[in-house]
Each structure stands twice: as structure tokens, then as C-alpha cells.
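Q: Please take a close look at one part of this model: the place where its two domains meet. What do the domains share there, and what lines the largest cavity?

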Amino acid sequence: MRIAIVGAGGVGGFFGALLARGGANVTFVARGAHLAAMRRDGLRVEGGAHPVHIQDVRATDDPAEVGATDLVMLCVKLWGVEEALEQIRPLVGPDTTVVSFQNGVLKDGYLMAAFGAERVIGGVGYVATHIARPGVIAQTGSLQRLVFGEFDGRTSARVAAFHEACAAGGINAEVSTDIRREIWQKFVFLTGLSATTATTRLPIGPVRENPQTRAFLLDLMREVVMVGRASGVALPEDYAGECLKLVDEVAYDMTSSLFHDLDRGRPLEVRWLSGGVAELGRKAGVATPLNRAVADILALHADGRAEG
């Protein structure tokens, strides 16, 4: 299976390395020092239970060199999605499938508008990773999982083929018959994790152990559930409580990409996370004061800071 991964950061770099380890023909679309390091030294995943080193890495900053592929995985941060959609057009042919493993619930609409709904499947990724240094992805904890599927719930040959490639690489992969609900389920968890770790500047361990911040986390996730249910998504009414159980199971030092981006002065995805909850809540007539507060608090950092 020919797979192009656009965005070789924490998510794309990690799952791409595992797919390549399993025998898939993987090409990374990257740039800068990270691209140079992958070409020179390969791609490493460190910190998890099973370190990975892919020595012979196919990587480029010019998708036109690659041509049409079987599958394109879009893993760039959402603030760069418009540029990425134009960048990947050479990778998309008549039989190409496109799947986004980006954050939030608005991502697939961008893909469908750009390439047509028939080329798009839905996807969700779970992993705590970031670029530790050029060519190296650092993983926190052992959680790693991909969920994907057709939006109409059918079982298709392209989804089965991707699942087979994931299994060969040791990825915990699952095919969903209700991928929209899966995307929202992650949105509930991720929004709570991102909002609390970024605003407190601490990992999830202290957040979940302190009664006040634990309640803050739970109420943030409850707002997301209410917005999802009002938007027609089949989320259980008590799903935020189920997410809190998952929070208790993850690594004590787990943070979020929003935490790392804030710490390093990079642009933030808060507009599509807590900001997205507030925006969708207004449309659905659901009050989201806590998520709006997080979006307002982080607004001054949303564009990142100038280097130096």
C-alpha cells in the first residue's frame, strides 16, 4: 500500500514509522531540519514501550515528486490546513483515499470540500507524542490507537486494506461503523486534556489529583458532550464521566500538543478545540462558558510568538 503522510510531527511521524515498519510503502511530506534529519539519519521513535528506528526513510518537501498514492494521511496542525490542502493535490488521484488524523470535529469538512466526499474516510488517532528533536519522535506512555471508517458505516475494501497495513505495523487499529461519533468522542477527551494542561501549564497527573482542577476538567468535557448531543451526535449523556475514567488510566506525565505548542511559542489549535466548542455551542444554542474562557485566556498566544 502506497501511503503519503503529510505532516511528519508527533502523530504523522509516529504512525508513519509503524506503518513503514510493517512493510507499507510510506512517504513523508515534511520540511526544514526535521526533513533533513530523516533523510540523513532516518526516523526514530523514543520513549515508548517499543522504540522504533526506520533507517531508509522516503521523505520529501515536494509532493509532486511522489505522485498519486493509495492513501493520504493528513496530520498537520489545523492552523496550517489550507496550505496543506493545496500542497497535497499532486498526491490525490482518481482512486486515492484521504483521511485526516487531525484534531477537532471540523477537519473532514475541509477535505470533502477540497477533494470530494467520495474520497474521504473519517479517522481518529490517540497517542501522546511530539518532535523531541529533528528526526526523533518522543512518546509519553504506551497509548497508541487509530480508529477509522466510512462515514456511511459500510465495510469497504479501502478501509480493510488500511486496517491490514496498520495491523502489520503493530498499530492498535479499529474499523468503526460510526466514525462521526468516534471523532466526537475523541473531541470530548482531547478538549478537556488540552484545555487543562495548557491553562495550568502542568501534565494531566496533578490536574486529575486536585479536586478543583479535576472538577474543571470534568465540566469542560461535559460542555463538549452537550454540544455534540445538540448537534445530533449519538453520545451518551454521561460520556464525560467515561472520559474521566480514561484520564485516570493515562500516564501521569501526559500533556497535549496544545501544551507543547504553548510552551514553545508555536501557533495553537485552540480555535478548533475549546474555541470550536464555543462556536458550535452558539450555533446549537448550548452555553459553553468554561470552553469559551479557555479560548479567551489563550487568545493572546494563539498565533505563537516571534522566534527569539
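A: In this predicted model, the centres of domain 1 and domain 2, taken over C-alpha atoms, are separated by 24 Å. Domain 1 covers residues 2–177, and domain 2 covers 181–301.

Start with the contacts. Domain 1 puts 27 residues in contact with 20 residues of domain 2. Now the area. Interface size is often quoted as the accessible area lost when the parts come together. Here the two domains bury about 2100 Å² between them. Carbon and sulfur atoms account for 66% of that. On the domain 1 side, three residues stand out: Trp79, Asn103 and Val105. Together they supply 27% of the area that domain 1 buries against domain 2. No other three residues supply more.

Next, the cavity. The count comes to one cavity of 30 Å³ or more. The largest cavity has a volume of about 40 Å³. Both domains help to line it, with at least three residues drawn from each.

The lining includes Gln102, Asn103, Gly104 and Lys107. Gly123 and Val124 belong to it too. So do Ile183, Lys186, Phe187 and Leu190. Asn103 therefore has two roles: it is in the cavity lining, and it is one of the three residues named above for buried area.

Which elements supply the lining? Strand E8 (120–133) and helix H6 (179–200) each give at least two residues. H6 gives the most, with four. By class, the lining has four nonpolar, four polar and two charged residues.

Finally, the annotation. An unreviewed UniProt entry places "domain: Ketopantoate reductase N-terminal" at residues 3–152. Over that span the chain is 25% helix and 37% strand. Its end C-alpha atoms are 23 Å apart. The unreviewed entry also places "domain: Ketopantoate reductase C-terminal" at residues 178–299. That span is 71% helix and 0% strand. Its end C-alpha atoms lie 33 Å apart.

Definitions and conventions
Residues numbered from 1 in each chain as written. Predicted model: local features only at pLDDT ≥ 70, side-chain atom pairs only at ≥ 80, totals over all residues. Heavy atoms only, no water. 1 Å grid on protein atoms, 1.4 Å probe; cavity = no way out; pocket = protein on both sides within 12 Å on 5 of 7 lines; lining within 4 Å. Points joined across faces, edges and corners; volume = space filled by probe spheres on them. Nonpolar A, V, L, I, M, F, W, Y, C, P; charged D, E, K, R; others polar. Domains from an automatic or database assignment. UniProt positions renumbered as here; feature names shortened; annotations may be inferred. Contact = heavy atoms within 4.5 Å. Buried area = accessible area lost by both parts, 1.4 Å probe.
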